[in-house]
Amino acid sequence: MRAPATLTCPTNLLLQCLADVPAPDTNAVTVTNATAVLFLGDETLPDGCGFTITRTYGAVNSCGTTSICAQVILVQDTTPPLLLAASN
């Protein structure tokens, strides 16, 4: 019996802007006993004034067994607006 693939996802992120969300990167996933690492998809849910993205990766061992991990990316604008007043 082969050992299952084990994997560790990239670190969770807290970002200010949706444009700052990095592209999925299977090279950032740490694996052992895996023959392939796959990006399985993103699930994006609104969260008040931001979004929560759950990014899922999978690793497959030589017997075809898949293990998964998830990276959580929070997108929240925490920068207060800057108000500029016109001078008289």
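Me: Let's start with the cysteines. What counts as a disulfide here?

Reply: A disulfide is a pair of cysteine sulfur atoms within 2.5 Å. In general terms, a disulfide is a covalent bond between the sulfur atoms of two cysteines. Keep in mind that this is a predicted model. Applying the rule gives 1 disulfide: Cys9 is joined to Cys69, with an S to S distance of 2.0 Å.

Me: Which parts of the chain does that pair link?

Reply: Distant ones. Cys9 lies in the loop between strand 1 (6-8) and strand 2, while Cys69 sits in strand 6, and the two are 60 residues apart.

Me: And what handedness does the link of Cys9 and Cys69 have?

Reply: The link is right-handed, with 90 degrees about the S-S bond.

Me: Are Cys9 and Cys69 buried or exposed?

Reply: The cut-off for buried is under 20% relative accessible area. Cys9 has 14%, so Cys9 is buried. Cys69 comes out at 13%, so Cys69 counts as buried too.

Me: Why is Cys17 not bonded to Cys49?

Reply: Go back to the distance rule: the two sulfurs have to be within 2.5 Å. The closest cysteine sulfur to that of Cys17 is in Cys49, and because they are 14 Å apart, that is too far for a bond. As for accessibility, Cys17 is partly exposed at 37%.

Me: What about Cys63, buried or exposed?

Reply: Exposed, with a relative accessible area of 54%. The cut-off for that label is over 50%.

Me: Now the fold. Which elements make up the chain?

Reply: Strands: there are 6 of them and 0 helices. Read from the N terminus, the protein chain goes β-β-β-β-β-β.

Me: How do I read the strand order of the sheet?

Reply: List the strands as they lie side by side, rather than as they come in the sequence. Here an open sheet of 4 strands has the order 2-6-5-4, and the pairing is mixed. Strand 2 (13-15) and strand 4 (36-47) are the edges, each pairing on one side only. On average, neighbouring strands of this sheet are turned by 20 degrees against each other, direction ignored.

Me: Where does the parallel part of that mix come in?

Reply: Between strand 2 and strand 6 (residues 66-76), which pair in the parallel sense over 3 bridges. If you want a spot to zoom in on, Leu13 stands opposite Ile73 in strand 6.

Me: How many bridges join strand 4 to strand 5?

Reply: There are 11 bridges, and strand 4 runs antiparallel to strand 5 (residues 50-60). Here, Pro46 stands opposite Phe51 in strand 5. The hairpin of these strands has 2 residues between them, and Gly48 takes a positive phi near 65 degrees. A general tip for viewing strands: in a regular strand the side chains alternate between the two faces of the sheet.

Me: What does the radius of gyration say about the overall shape?

Reply: Compare it with a reference. For 88 residues, a compact globule would come in near 12 Å, but the protein chain has 19 Å. The C-alpha trace spans about 80 × 20 × 15 Å along its principal axes.

Me: How much of the protein chain is buried?

Reply: Of its 88 residues, 25% count as buried. The chain exposes about 6100 Å², with carbon and sulfur atoms supplying 58% of that.

Me: And what share of the contacts is long-range in sequence?

Reply: Take the contacts with a separation of 6 or more: residues 24 or more positions apart account for 52% of them.

Key. Residues numbered from 1 in each chain as written. Predicted model: local features only at pLDDT ≥ 70, side-chain atom pairs only at ≥ 80, totals over all residues. Heavy atoms only, no water. Pairing = 2+ DSSP bridges. Axes fitted to C-alpha atoms, helices over the stretch in contact; angles between N-to-C directions. Buried < 20%, exposed > 50% of the residue type's maximum accessible area, 1.4 Å probe, protein only. Rg over C-alpha atoms; globule rule 2.2 N^0.38 Å. Contact = heavy atoms within 4.5 Å. Areas by Shrake-Rupley, 256 points an atom, 1.4 Å probe, with all protein chains shown as cover.
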